[in-house]
Amino acid sequence: MSAKIEQQYYTPQEYLELERKAQDKSEFYFGEIFLMSGGNPEHSLISLNICSELRARLKGKNCRTFESNMKIGVPNSKLFSYPDGSVVCGEPRFRDNQGDVLMNPNLIIEVVSPSTEAFDRGKKFFQYQQIPTFTDYILVSQDEPRLEHYAKQKNGTWVLTMVEGLKGNLTIPALGCKVRLSEVYYQLTFPKNKRRQSAQLKTKIKTTQKVK
């Protein structure tokens, strides 16, 4: 999410009508429209890599992997966003016959940057939790090989598992697959001190977060 387009507020339908005519992508949050800024090369490469890895790992399953051009909508219409990737298992369900707003993702991916990290971890994550099918959220670091995976539990809590290091594998039980960090960060170069710090696989349960 980047610069706000105007001060005035829009209805969800007004946003969708404007967005479908616009040349540039924008996101919607509580009546405000934010023009999306272009990503850096690292961000683009990581997004492509993790979507490609998920697609390969889910081949043969009844799941589809979408990259950053697929818009996600939440049931309360307070957020429309373009995450860096998403997965839906079963038949995709769209907001209307335009087929450009996915309403039933199972997994959502965000590649975090300094300008979006707080929003991705906080208000955006809370809005994503309003989606009944949403069970898995992956935050991907650009600075070092690290994935943070939030998995929804049967009791409504979210458990965070963090995997670090290029030798690491992130297991996603709900999808029945693993993601290799060596593939997520393929062709990425990190400073030597970062590589030393992340040389070992470090998988651990960090915290739980109850859905309200």
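This report covers the strands, one helix, the largest pocket and two backbone outliers of a predicted model.

**Strand S9 and its partners**

Strand S9 spans residues 136-140 and is mostly covered, with 5 of its 5 residues buried. In a regular strand the side chains alternate between the two faces of the sheet. S9 shows two such sets: Asp136, Ile138 and Val140 point one way, and Tyr137 and Leu139 point the other way. Residues of both sets are buried.

S9 has a partner in strand S8 (residues 107-111), which runs parallel to S9 and is joined to it by 5 bridges. Here Ile109 stands opposite Ile138. S9 also pairs with strand S10 (residues 146-152), this time in the antiparallel sense, again over 5 bridges. In that pairing Val140 stands opposite Leu147. S9 and S10 form a hairpin, and 5 residues lie between them.

**The open sheet**

Another set of 5 strands forms an open sheet with mixed pairing. The order is S2-S1-S5-S4-S7. S2 and S7 are the edge strands, each pairing on one side only. Within this sheet, S4 and S5 run antiparallel and are joined by 2 bridges. Ile72 has Ser81 in S5 as its bridge partner.

**Helix H1**

Which residues of helix H1 (residues 12-21) are buried? They are Tyr15, Leu16 and Glu19. Seen down the axis of H1, these buried residues fall within an arc of 95 degrees, so they line one face of the helix. An α-helix has 3.6 residues a turn, so residues three or four places apart point the same way. The cover over the buried residues of H1 includes strands S1 (26-29), S2 (32-35), S4 (71-73), S5 (79-81) and S7 (101-102).

**The largest pocket**

The largest pocket holds about 550 Å³ of space. Its lining has 25 residues, and Met36, Ser37, Gly39, His43 and Asp84 lie nearest the centre. By type, the lining divides into 5 nonpolar, 13 polar and 7 charged residues. Helix H2 (41-57) and S8 each supply at least two lining residues. H2 gives the most, with 4 residues.

Asp84 deserves a separate look. Asp84 lies in the loop between S5 and strand S6 (85-89). Is Asp84 buried or exposed? Its relative accessibility is 8%, and buried means under 20%, so Asp84 counts as buried. Leaving aside residues up to four places away in sequence, Asp84 touches His43, Ser47, Cys51, Glu67, Ser68, Ile109, Glu110 and Val111. Asn69 is 15 residues from Asp84 along the chain, and their C-alpha atoms are separated by 8.1 Å.

**Positive phi outside glycine**

Phe30 has a positive phi although it is a residue other than glycine. Gln187 also has a positive phi and is not a glycine. The table sets out phi, loop and relative accessible area.

| Residue | Phi | Loop | Relative accessible area |
|---|---|---|---|
| Phe30 | near 50 degrees | between S1 and S2 | 39%, partly exposed |
| Gln187 | about 70 degrees | between helix H5 (181-184) and helix H6 (192-197) | 58%, exposed |

Phe30 therefore sits in the loop between S1 and S2 as a partly exposed residue, at 39%. Gln187, at 58%, counts as exposed because exposed means over 50%.

Methods
Residues are numbered from 1 along each chain as its sequence is written. This is a predicted model: local features need pLDDT of at least 70, side-chain atom pairs count only at pLDDT 80 or more; totals for chains, interfaces and linings use all residues. Side-chain values use heavy atoms; hydrogens and water are left out. Buried means under 20% relative accessible area, exposed over 50%, partly exposed in between (1.4 Å probe, protein chains only). Two strands pair if DSSP finds at least two bridges between them. The arc is that of the directions from the helix axis to the C-beta atoms. Contact means heavy atoms within 4.5 Å. On a 1 Å grid over the protein atoms alone, a cavity is a set of points where a 1.4 Å probe fits but cannot get out, and a pocket is an open set with protein on both sides within 12 Å along at least five of seven lines; lining residues have an atom within 4 Å of a point. Grid points are joined across faces, edges and corners, and a volume is the space filled by probe spheres set on the points. Ala, Val, Leu, Ile, Met, Phe, Trp, Tyr, Cys and Pro count as nonpolar, Asp, Glu, Lys and Arg as charged, and the others, Gly among them, as polar.
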